[in-house]
Amino acid sequence: MRLAALLIALLAAGGPPENPGERVVHVVARKFAYSPDVIQLQLGVPAIIELTSLDRDHGFSVPELGLRIDVEPGKTARVRVVPGKVGTFEFHCDVFCGSGHEEMAGRIVVSASAAMGGSGGR
Ligand SMILES: [Cu+2]
């Protein structure tokens with residue numbers, strides 16, 4: 001039963017993740033907002049941001065982190081990030097999507113990892 005549920009989950013996600021074990025953050029884009037609009041990440045901890053669109057083409061751009069990707073309806077856009085600095089980094093839609101587009105934004109908050117300084121527990 002568990003395995004079947006896992007397989008279904010993998011199929012629904014469009015295939016297995018590139019790197020199992022990495023944290024995946026799901027973000028839904030629609031006119032004119034992202035949900036969630038605040039993404040919490042940890043310094044040096046890889047994460048995959050998975051974006052889907054509920055209506056039309058959008059973009060996801062985080063200039064300060066050097067990230068950008070197109071977000072198209074019916075597809076899952078994945079972008080991998082390993083935050084290299086602590087802080088708050090704005091992201092926004094960079095594909096014009098109508099009046100209200102300018103407000104389509106959010107932020108990534110990178111905090112220092114609790115595990116920083118440890119040398120691994122194994
Ligand atoms: Cu837009």
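This passage walks through the fold of the protein, its strand pairing, its core and two residues picked out for a closer look.

The model is a predicted one, so everything below is a reading of that prediction. The protein contains 1 helix and 9 strands, and going along the sequence they come in the order α-β-β-β-β-β-β-β-β-β. Of its 122 residues, 19% count as buried. Many contacts reach a long way along the chain: among those with a separation of 6 or more, 62% link residues 24 or more positions apart.

Strand β9 is a handy place to start, as it pairs with β3 and with β8. With β3 the pairing is parallel and runs over 5 bridges; here glutamine 42 sits opposite serine 111 of β9. With β8 the pairing is antiparallel, and 6 bridges hold the two together. On that side, phenylalanine 91 has glycine 106 of β9 as its bridge partner.

Side chains in a regular strand alternate between the two faces of the sheet. In β9, Gly106, Ile108 and Val110 point to one face and are buried, whereas Ala105, Arg107, Val109 and Ser111 point to the other face and are not.

Next comes the core. Nonpolar side chains tend to be buried together in soluble globular proteins. The largest nonpolar core here has 15 residues, and Val27, Ala29, Leu51 and Ile108 have the most contacts inside it. Two or more residues come from each of β1 (23-30), β3 (38-42), β4 (47-53), β5 (58-62) and β9 (105-111). Leucine 51 shows how such contacts spread out: leaving aside residues up to four places away in sequence, it touches Val27, Ala29, Phe60, Ile69, Val71 and Ala77.

Two other residues make a nice contrast. Methionine 104 lies in the loop between β8 (87-92) and β9. Methionine 104 counts as buried because 24 other C-beta atoms lie within 10 Å, and 20 or more are needed for that label. Beyond residues up to four places away in sequence, methionine 104 touches Phe32, Ala33, His92, Cys93 and Cys97. Its C-alpha atom is 8.9 Å from that of alanine 29, although the two residues are 75 apart along the chain.

Isoleucine 48, by contrast, is part of strand β4. It has 16 C-beta neighbours inside 10 Å, so it counts as partly exposed. Isoleucine 48 has a partner from further along the chain too: arginine 78 is 30 residues away in sequence, and the C-alpha atoms of the two are separated by 6.5 Å.

Methods:
Residues are numbered from 1 along each chain as its sequence is written. This is a predicted model: local features need pLDDT of at least 70, side-chain atom pairs count only at pLDDT 80 or more; totals for chains, interfaces and linings use all residues. A nonpolar core is a set of buried Ala, Val, Leu, Ile, Met, Phe, Trp, Tyr and Cys residues joined through C-beta atoms within 7 Å. A residue is buried if 20 or more other C-beta atoms lie within 10 Å of its own, exposed if 12 or fewer, and partly exposed in between; C-beta atoms are placed from the backbone. Helices (H or I, at least four residues) and strands (E, at least two) are DSSP runs, numbered from the N terminus. Two residues are in contact if their C-beta atoms, placed from the backbone, lie within 7 Å. Two strands pair if DSSP finds at least two bridges between them.
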